[in-house]
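Subject: A structure for you to explore

Hi there,

Here is the structure I promised to pass on. Have a look around it, and then read on for some notes on its pockets.

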Amino acid sequence: MASVEQVTKAANFMKVAAGKIGYNSEKIITRYAPKTNESVSGFSSIIQSIARESKNEVIRDSFSDIETELQVAQWVDYSVLYVSPAAKDKHVAKALLEELNKYLESRSYLVNHKLTLADVVVFYAIQNSMVNLQPLDKEYYLNVSRWFDHLQQQKAIRQDENLINFSTLHLLGWATGTHV
């Protein structure tokens with residue numbers, strides 16, 4: 001299930017007022033637009049409606065052609081159907097990270113060769129899983145770690161969150177002797 005926090009962070013990145021976001025009686029995430037109070041339900045629909053309101057260049061580029069737009073839509077759906085459940089089950093998380101790691105083996109971004117809405121949405125969906133990874137897991141999922149670290153370096157994406165450490169250099173502090 002997509003969270004209110006994910007929608008809020010995505011809206012902040014897109015520089016769009018999130019409006020009132022909560023869950024309706026059927027426990028489906030719902031957004032009430034700030035000016036019209038019009039409701040939109042479902043994570044993908046909410047993200048698309050916010051994206052249409054955005055003036056952010058990255059978001060505009062996410063809809064530059066029909067192929068890019070459809071690939072972005074697939075990744076937004078992927079974040080709901082596959083990434084969000086991984087936050088609740090470590091076995092699902094492991095399978096997800098392995099799949100993403102393989103996909104990112106020869107790519108810097110999820111769609112085409114530049115940052116799109118797909119990267120931002122998956123970043124927010126996977127953020128809690130990445131925080132909880134142990135250093136060895138971060139090394140094992142090297143491509144996901146590289147992609148995530150690259151995105152988190154952008155303050156507009158990271159927002160007020162702390163940087164996640166992907167460096168193994170902090171292990172040097174554990175060494176007490178001199179190595180020859």
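A good place to begin is α5, which gives the most to the lining of the second largest pocket, with three residues. Please keep in mind that this is a predicted model.

The second largest pocket has a volume of about 180 Å³. Its lining is made up of 13 residues, and those closest to the centre are K90, A93, S129, N132 and L133. Two helices, α5 (90–103) and α6, each supply at least two residues of this lining. If you sort the lining of the second largest pocket by residue type, you get six nonpolar, three polar and four charged residues.

Now for the largest pocket. Its volume is about 230 Å³, and 14 residues line it. To find its centre on your screen, look for S3, Q6, Y124, A125 and N128, the lining residues that lie nearest to it. The elements giving two or more residues to this lining are α1 (4–14) and α6 (117–131).

Which element provides the largest share of the lining of the largest pocket? That is α6, with five residues. So how do the residues of this lining divide by type? There are five nonpolar, five polar and four charged ones.

One thing to try as you turn the model: follow α6, since this helix supplies at least two residues to the lining of the second largest pocket and five to that of the largest pocket.

Happy exploring, and write back with any questions!

Best wishes

Methods: Residues numbered from 1 in each chain as written. Predicted model: local features only at pLDDT ≥ 70, side-chain atom pairs only at ≥ 80, totals over all residues. Heavy atoms only, no water. 1 Å grid on protein atoms, 1.4 Å probe; cavity = no way out; pocket = protein on both sides within 12 Å on 5 of 7 lines; lining within 4 Å. Points joined across faces, edges and corners; volume = space filled by probe spheres on them. Helix = DSSP H or I, 4+ residues; strand = E, 2+ residues; numbered from the N terminus. Nonpolar A, V, L, I, M, F, W, Y, C, P; charged D, E, K, R; others polar.
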